[in-house]
Amino acid sequence: MGRNILFFMLLLLMEIVYIRAVEAQSSYPSQYSYLSNYIGKDHIRTLDSARLKITYSLNYLPDSMNTQNIIKDRKTLLIGDSIKHFFSAYVRQADSVLTKDHDKGKSSAPIKRAPDILGEGYNIYTDYPNVGKRRVLEYITELSAYEYEEDREFPEWIFEDETCTILEYSCQKASAHYRGRDWTVWFSTSVPLNVGPWKLGGLPGLIMKAYDSRKHYLFECIGIEQLKKKEPIIRKIRFHDYSKCTREEYRKTQAQYYNDFINFELSLGFNVNIVDDNGNVVEHLETPNKRYEEIHVMWGTKVNIADRYRKIPYNPIELE
Amino acid sequence: MYLYYKYIVMIFVFLAPFLGNAQEQILIQGTIIDKSGKPIDGVFVVLSPQNKTTVLSYYLSDAKGHYQLKYSGNVDTLQLVLTSFDYEKAIRIISKTSQTIDFSLESQPISLKEVVIKADPISQKGDTIKYLVSSYANENDRVIGDVLKKLPGIEVLSDGSIQYNGKDINKFYVENLDLLQGRYGIATNNISVKDVAAVEVYENHQPVKVLTETNPTDKAAINLKLKDSAKGALGAMAQLGIGGKPFIWDNELVSLYFAKKKQNINTYKGNNSGNNVEKELTAFYSDGTNSSYNTGQFLSVLSPTLPPINDQRYLFNDVHTASSNFLFLLPDDYELTTNIAYQNDRRTKNSYSNSTYFLPDKEPLVLEEITGISQRINKLDAAIKASSNKEDFYFVNSLNTNALWNTNKGNTFTGDSIAQNLKTDYYNLSNTFNLIKTFMDEKKFQMRSYNGYIQTPQELNIFPGMYEEVMTNNKPYDKLIQYTKYSNFTSNSSASLYFTKNRFSQRYSLGLDVDIQNLNSSLKPFSDNTIINTPDSLKNDLFWQKYKIFFTAYYRYQWHAFDIITELPLSYNFLHIDDRFPQKKRTDNEILFNPFISVLYKLNGYLSIKFSNIFNHDIGSLQNTYTGYILNNYRNFNRNDGQLYGYKSNYSTLTSNYRNVRKALFAQMALVYEIFTSDMIREQYFIGDLQIQSLINKPSITKTYSINGSVSKNIYALRSTVSLSANYNDIFSSQINQGELVDYRYSIYAIKPKIESNLASWGSLSYASVWSKSKTRMENQDFHYPAISSIYNRLSFYLFPIKKVGIGINYEHYYDSALSGEEKNMSFTDLNLKYKFKRIDFLLSWTNILNTKQYTRSSFADTGRFVYIYEIRPSQILLTARFKLF
């Protein structure tokens, strides 16, 4: 019986973390790592169905000090009857591949991508659970997921006279200071939707292009598709022990992780092994949080000794 | 319905206070209803200046259909624009006064201009790089081979073989199946551009799935991803072509079929227009299954090496080729392929050569020859292969046979006329078996066996009798017949065990190689059909038997970004040579150890560096052991002193590879150092015009230094692929010339820029150039020939003024510094006209418009300098019609 429970818990854990793609010594903060989950019927909830799909490319700098390291993501914005869902198309693709393989009974190898492609894990549901509200799912590590709700607060846009054409749509310029960055956007009144990439919106037309003044984040619309077959807007329900919090609490936790990620891992219930270049353990740090040990799962993180006291640089899109 | 109020006010009136005329704020409001009178929410009401799209203020109508806009700017004539997803668009011009305007809208769902996400021209997923064919093809491209050469990182060499980032590819797939078994020219020259969706490169491709983890490769494979429309349907193309002058023809018939479980390509191609269609039947895989037709050929009709120009310019042919290739997927993941290729050709070649041999302390020996050759070639290849390639099981058995029947009739004029008739046959039959099976998870067992037999009989007749002082003690005679027959049986068998644990793999192999060779030769002078004199020194009957028992340990260790591989083969070699002329037997035993190591370091996802070193020690070959004279061609004798000359070589390379798919930038560089030591040296001795080559017991060293690199980049803005490659080779060697040791150094460098550009929808451009310089320098000689510089330029334009018409202009220019007068600069011009009439593509090609009659080149080889003049095909016009049969 005991063995069965252990086995079950192991299975559950395996399901949660299919891929720990980015090891702690890597230069990318792990919030950007792939979170490949099984998204079969029982593991998701359908919130709405979409009739329009907007696709954006995103170029971003995970580390503002390292301006050479530009990372790419592709974002999908699904427009439902009431809910708008914004998420990484690459993460979704990885989930779908895994799900298909799993349903066929195959073991699924992670999709290997170019080194400059990395999907961000977050999901933004605008006008959910009610119109005027926004629900955000965030990840810091694969096993620490956060969920917060906020008012759908649009930036105070300043319209400018400049116009340009993006993908044959004529666009007008607008700018605003929002969440710590000075944003410039180009929107088109030909698409009567007050939405855009990320949390940007509140203009009399779709935002086709958006970037902050330092160009750390650049979204560009690359596809507009009216869906002949409606696509469900889903959220994952089974995997993450989503910690309910406020936006401010989430931002604080995120900062803690990057400032002292070893203690953060320990607090999550992971043992941390400090290893030298040859992989030999030089220091073993025991977690005070026994939540995994209680279910007889040993879950450890290896950290190179060079990174023992290193802060991980990060450059979140929201600076305030 | 939740109501929300959010309006954005334009900030604009910085100047207003200065004008002392603050703008009055106006309020525009109203209600929006549909035709049935129900209020509509979610309609954007945008206030703009008249006839402009600039937004001054906007409001999203609420649940009661109400809107209200405030405006205090200085624009006098305004417009209200109402847009929404489900209702018609409404525009109303208004004056700048506060007012109430109600709207009644007709239901009319909006239709957006759809934007299809453009796939990147190149994209990467792990080790797979995908080139979108539509991004690189233009109107002029007919078959996929035309597009392949434009892709950054991919190079198609003049023989048709394909390289990726400087290295030969190891597999060519169509829909992930290897139908052609290395004869991939059949695919690149016949599969239409329109049928291919993408070209995929699989980097570091290990074709044997079982070995993916243990035996990595740095070679890449290419896969053609077909469009759905090209799958499952039989397609056939025909071409008819005639032209002049003289009368020329060029016909083709090709059928293609690609389905899930079956693939088939059949081709017939024939022409006398100089089109080298047999080139596409060449097998390029270097996995040992393709034996070389040259094996065992000792005799030849002397003719200059082929000129380095487009072979269509000098090929006087009359060729028929046919091939048939089948692939079947059988149950249980087995695959069966059959491949047959046949070539029948009559060729003529006319050339002039001027050979200068530098002799120590003497005037150089200069030989002038005018040669005319007519060749008949018959060639047949057939193979059948069954295989299974699974994650835990690999099996292959393939049976190959190759046959060749050639006759060469040559006439050389050196002042006297010398006729040479050569008949060459070649037969090869071989079987390859390979089995790998996984057991107990990480362990693997492999058995392989290769057995092959080759026979090459050759006969060279030379009229009239020559070299009487050497051959017949100055007695005149009619003709000379050199006969050789070479046969070879090879058997290689081995069994291996693989162990893999974490990042450490091991392989241990035990095997036996058997190599039995026989050379039979005789040189007979005839007078009135009777043999005059055949001393044993003009005969060979040599049996060569070599048995090798070997044990090889192979280790691979991956540590961080390092990947280290070492192979330690230890062998015991037993050799028995039975030379019947003179009666001489010898036996040798030797233990050989030829270690190999490679270290790969991946700096990041783009850049990797690899060092490898291979040491090779061998005990000699039959070709260096026979002692009887063989007359290789009418003026070259070859013999050895009967000693067994082994060699040692050490080959080191340092290569670095860079590829950044996002920037479409590919680059590679390689440094090579090879040292070759041997106990023998080559001797060259002239008696009059007769060249005698032999091997002499004296240690010699040959050193080769080379560096090569290439960069290619796709410039999206210019729709162009630009590439540059360069190489430098320096060889230090020595030979004995007329009894004296000569150390010589041969250096060559070449720079090759290339541009392929799809300028616009109405035209494209292609430019290629080669600048090279070579030099031979002999130590302790006062006399040096100046270096030879040569420049080659090719510029082609293709214009498509309207969809049905294409015009191609091609210009080639050759410059050679060693030549003089008109020959220094040579050029060729060609013109093509394409016209599409209904389903027929007409092509009118006018080649060699300037009617250049000959091509001249100069080159250095070893200690000689050679000038060759080749006859070139005259100006000709060919009209072809190409159409799809079904």
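This is a quick talk through a predicted model with a chain A and a chain B, starting at the contact between them.

Okay, so let's begin with that contact. On the chain A side, 42 residues take part, and chain B brings 36 residues. Put together, the two chains bury about 3600 Å², and 58% of that is on carbon and sulfur atoms. If you want residues to click on, try A:Phe159, A:Pro192 and A:Gln226. Those three supply 18% of the area that chain A buries against chain B, more than any other three residues.

What about charges across the contact? How many salt bridges are there between chain A and chain B? The count is 1 salt bridge. You'll find A:Arg51 and B:Asp86 meeting there through their side chains, at 3.7 Å from N to O. As for polar contacts, there are 5 residue pairs between the two chains, counting pairs where both residues are at pLDDT 80 or more.

Now, which strands of chain A face the partner? Strand 1 (44-60), strand 2 (71-80), strand 7 (158-166), strand 8 (169-178) and strand 11 (217-236) each put at least two residues into the side of chain A that touches chain B. Strand 11 gives the most, with 5 residues. Sort that whole side of chain A by residue type and you get 18 nonpolar, 11 polar and 13 charged.

Staying in chain A, have a look at two helices. Helix 3 (residues 247-259) and helix 4 (residues 261-268) have axes that come within 5 Å and cross at roughly 115 degrees. From helix 3 you have A:Thr253, A:Gln256, A:Tyr257 and A:Asn259, and they meet A:Phe261, A:Phe264 and A:Glu265 from helix 4. By type, that helix contact splits into 3 nonpolar, 3 polar and 1 charged.

Over to chain B. The domain assignment gives domain 1 (16-105) and domain 2 (262-884), and their C-alpha centres lie 80 Å apart.

Back to salt bridges for a second, over all chains this time: the structure holds 52. One of them is B:Glu252 with B:Arg882, at 3.1 Å from N to O. I like this pair for what it links: B:Glu252 sits in strand 18 (residues 248-258) of chain B and B:Arg882 in strand 48 (residues 876-884) of chain B, so to speak distant parts of the chain, 630 residues apart.

Last topic, the backbone oddities. As background, most peptide bonds are trans, and most residues other than glycine have a negative phi. Where does chain B have a cis bond ahead of B:Pro464? That bond joins B:Phe463 to B:Pro464, with omega about -15 degrees, and B:Pro464 itself is in the loop between strand 25 (443-463) and helix 5 (468-471) of chain B. There's another cis bond from B:Phe581 to B:Pro582, omega near -5 degrees. B:Pro582 is also in a loop, between strand 30 (562-579) and strand 31 (584-593) of chain B.

And in chain A, check A:Arg179. This residue isn't a glycine, yet its phi is positive, about 50 degrees. You'll find A:Arg179 in the loop between strand 8 and strand 9 (181-188) of chain A.

That's my tour, thanks.

Technical notes:
Residues numbered from 1 in each chain as written. Chains lettered and ligands numbered in written order. Predicted model: local features only at pLDDT ≥ 70, side-chain atom pairs only at ≥ 80, totals over all residues. Heavy atoms only, no water. Contact = heavy atoms within 4.5 Å. Buried area = accessible area lost by both parts, 1.4 Å probe. Salt bridge = Lys/Arg side-chain N within 4 Å of Asp/Glu carboxyl O. Polar contact = N/O pair within 3.5 Å; in protein donor to acceptor, adjacent residues only side chain to side chain. Helix = DSSP H or I, 4+ residues; strand = E, 2+ residues; numbered from the N terminus. Nonpolar A, V, L, I, M, F, W, Y, C, P; charged D, E, K, R; others polar. Axes fitted to C-alpha atoms, helices over the stretch in contact; angles between N-to-C directions. Domains from an automatic or database assignment.
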